[in-house]
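User: Could you walk me through the packing in this model, starting with what you count as a contact?

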Amino acid sequence: MKKITIAVDGFSSCGKSTMAKDLAREIGYIYIDSGAMYRATTLFALQNNIFDSNNEIDTSLLKELLPSMIISFKLNPETKTPETYLNNQLVEKEIRSMEVSQRVSPIAAIDFVREEMVKQQQAMGKNKGIVMDGRDIGTTVFPNAELKIFVTATPQVRAQRRYDEMIAKTGKADFNEILKNIEERDYIDQNRKVSPLKQAGDALVLDNSSLTIAEQKEWLLQQFARVASQS
């Protein structure tokens with residue numbers, strides 16, 4: 001079968017990354033977590049004091065420092081999954097913190113940040129055979145992707161998933177804080193001027209609010225087999 005590009009978009013905490021990683025591993029494609037790139041940029045901004053005491057972003061400073069930021073992905077030899085590196089430092093755990101989660105949407109809404117990320121993402125996918133997830137993959141990054149999937153779930157379900165994940169990783173979490181953060185991110189992502197989150201006209205909708213991981217995986221593999229055999 002000819003290699004295709006698979007674009008996975010959707011709301012935060014829908015399990016897009018886990019789903020896309022698993023699909024890529026199953027079909028032998030390369031997985032790229034575009035959301036991790038924006039999270040790494042947010043961590044970079046925090047490290048360089050680009051947020052002031054009111055959480056306002058010094059865009060001039062960010063634009064000046066952005067060329068010194070290198071984001072890369074390396075395969076963990078034990079888990080066989082890609083991990084995020086910021087300037088050659090492993091930051092997979094740091095970019096999933098609430099401190100980053102609360103600031104990533106405003107960073108991702110900045111036009112020159114998105115332009116840089118999109119440029120890098122398109123370069124990564126020029127040879128096809130990739131699965132990339134994010135907010136604007138099927139609409140902006142790869143508008144000609146052969147398979148586009150738009151993932152959604154209720155805010156309450158997404159908050160519970162994020163809560164469980166944080167409890168497992170750190171042992172502490174506040175459900176109401178997480179739910180508020182998710183609802184705020186939804187609003188910002190859908191209403192930003194540059195590449196807002198929206199369903200591509202030719203995307204397949206996957207509401208995984210009540211699906212098991214096995215059911216979701218089966219559906220994804222069916223869609224891939226159908227599209228790849230036609231390409």
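Analyst: Contact here means heavy atoms within 4.5 Å. Please keep in mind throughout that this is a predicted model.

User: OK, so what does Ile-27 touch?

Analyst: Leaving aside residues up to four places away in sequence, Ile-27 touches Ile-6, Val-131, Leu-221 and Phe-224.

User: And which residues have the most contacts inside the largest nonpolar core?

Analyst: That core has 26 residues, and those with the most contacts inside it are Ile-4, Ile-6, Ile-27, Tyr-29, Val-131, Leu-147 and Phe-224. At least two core residues each are supplied by β1 (5-10), α1 (16-27), β7 (147-152) and α10 (213-230).

User: Which element gives the largest share?

Analyst: The largest share of this core comes from α1, which contributes 5 residues.

User: What does the second core include?

Analyst: The second core, which is separate and has 25 residues, includes Met-37, Ile-71, Val-104 and Val-113.

User: Switching to rings, how many aromatic pairs turn up in the whole structure?

Analyst: A search of the whole structure gives 3 aromatic pairs. One of them joins Phe-11 and Phe-150 in an edge-to-face arrangement, with 5.9 Å from centre to centre and 80° between the planes. This pair links distant parts of the chain, since Phe-11 lies in the loop between β1 and α1 while Phe-150 belongs to strand β7, 139 residues apart.

User: Are those two buried or exposed, and why?

Analyst: Phe-11 counts as buried because its relative accessibility is 13%, and the cut-off for buried is under 20%. Phe-150 is likewise buried, because its relative accessible area is 8%.

User: Which other pair can you describe?

Analyst: Tyr-163 and Phe-175 also form an edge-to-face pair, at 6.4 Å centre to centre and with 70° between the planes. Here Tyr-163 sits in helix α8 (residues 155-170) and Phe-175 in helix α9 (residues 175-191), with the partners 12 residues apart.

User: How exposed are Tyr-163 and Phe-175?

Analyst: Tyr-163 is partly exposed, with a relative accessible area of 25%, and Phe-175 is partly exposed too, with a value of 26%.

User: Last topic, charges over rings: where does the charged end of Lys-74 sit?

Analyst: The charged end of Lys-74 is placed over the ring of Tyr-85, 4.4 Å from the centre of that ring.

User: And what about Arg-103?

Analyst: Arg-103 lies over the face of Phe-51, and its distance from the ring centre is 5.7 Å.

How values were computed:
Residues are numbered from 1 along each chain as its sequence is written. This is a predicted model: local features need pLDDT of at least 70, side-chain atom pairs count only at pLDDT 80 or more; totals for chains, interfaces and linings use all residues. Side-chain values use heavy atoms; hydrogens and water are left out. A nonpolar core is a set of buried Ala, Val, Leu, Ile, Met, Phe, Trp, Tyr and Cys residues joined through side-chain atoms within 4.5 Å. Buried means under 20% relative accessible area, exposed over 50%, partly exposed in between (1.4 Å probe, protein chains only). Helices (H or I, at least four residues) and strands (E, at least two) are DSSP runs, numbered from the N terminus. Rings of Phe, Tyr and Trp (its six-membered ring) pair if their centres lie within 6.5 Å; planes under 30 degrees apart count as stacked, over 60 as edge-to-face and the rest as tilted. A charge sits over a ring if NZ of Lys or CZ of Arg is within 6 Å of the ring centre and within 35 degrees of the ring normal.
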